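Please read the following report alongside the sequence and the coordinates. It moves from the surroundings of the ligand to the overall fold, the nonpolar core and one helix.

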Amino acid sequence: MGLESSVSQPFLATRLDEVINWGRKFSMWPMPFGTACCAIEFMGVVSGRFDISRFGAELVRFSPRQADLLLVMGTITQKQAPVLKQIYDQMPNPKWVVSMGACASSGGFYDNYSVVQGIDEIIPVDVYVAGCPPRPENVLGAVVKIMEKISAEKAADWR
Ligand code: SF4
């Protein structure tokens, strides 16, 4: 974007996908899928001290049809796997997924037959957040990574 001031009326020159991506990256609607202790840490992410609203993502939704950012927080059992897949499928495109914490990303220390060993066995994941639980700053870092992904998208890819 550049501001031209050599003409009588200032104007902005930019590309359509840059304008749209600018709006999209500052208006994500997150949906928390919390099953265990990582979900408690998410309360810190949305609270005043860390304040996810600074990144335009404070409108937490509890319907997948109204969300475009799925945050999976906690242990996912084999019985929950079809539910998580259905929730992901119900979200409209474009959509992004953050896997928060060791349990969601790899099963954590629940290395047994009843626990999914990473949600990427069920749904695609855009950003993994390390930790048990991750710090709120790390979750905000994941949101920033998603924003960077959105900024890099081209209008031609949206189809
Ligand atoms: S990664 Fe740690 S804090 Fe998060 S759900 Fe698993 S055991 Fe709990």
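In what follows, Ala, Val, Leu, Ile, Met, Phe, Trp, Tyr, Cys and Pro count as nonpolar, Asp, Glu, Lys and Arg as charged, and the others, Gly among them, as polar. By that division, the shell around the ligand holds 7 nonpolar residues, 4 polar ones and no charged ones. The model is a predicted one, in which local features need pLDDT of at least 70 and side-chain atom pairs count only at pLDDT 80 or more, while totals for chains, interfaces and linings use all residues. Residues are numbered from 1 along each chain as its sequence is written.

The shell, taken as residues whose C-beta atom, placed from the backbone, lies within 6 Å of the ligand, consists of A36, C37, C38, G74, T75, G101, A102, C103, G108, C132 and P133. Two elements, α2 and α4, give two or more residues to it, and the largest share, 3 residues, comes from α4. Elements here are DSSP runs numbered from the N terminus, with helices (H or I) of at least four residues and strands (E) of at least two.

The protein has 5 helices and 6 strands, which run β-β-α-β-α-β-α-β-α-β-α from the N terminus on. Of its 159 residues, 29% count as buried, that is, 20 or more other C-beta atoms lie within 10 Å of their own, whereas exposed residues have 12 or fewer and partly exposed ones fall in between, with C-beta atoms placed from the backbone.

The largest nonpolar core (buried Ala, Val, Leu, Ile, Met, Phe, Trp, Tyr and Cys residues joined through C-beta atoms within 7 Å) has 33 residues, of which L69, L70, L71, V72 and M100 touch the most other members. The elements that give two or more residues to this core are tabulated below.

| Element | Residue range |
|---|---|
| β3 | residues 30–34 |
| α2 | residues 37–46 |
| β4 | residues 69–73 |
| β5 | residues 96–100 |
| α4 | residues 101–106 |
| β6 | residues 127–129 |
| α5 | residues 136–152 |

Leaving aside residues up to four places away in sequence, M100 touches C38, L71, V72, M73, V129, P134 and V139, a contact being two C-beta atoms, placed from the backbone, within 7 Å.

In α2, C38, E41, F42 and V45 are buried. Because they cover an arc of only 115° around the axis (the arc of the directions from the helix axis to the C-beta atoms), they lie on the same side of α2. On the other side of α2, I40 and M43 are exposed. What covers the buried residues of α2 includes β3, β4, β5, α4 and α5.
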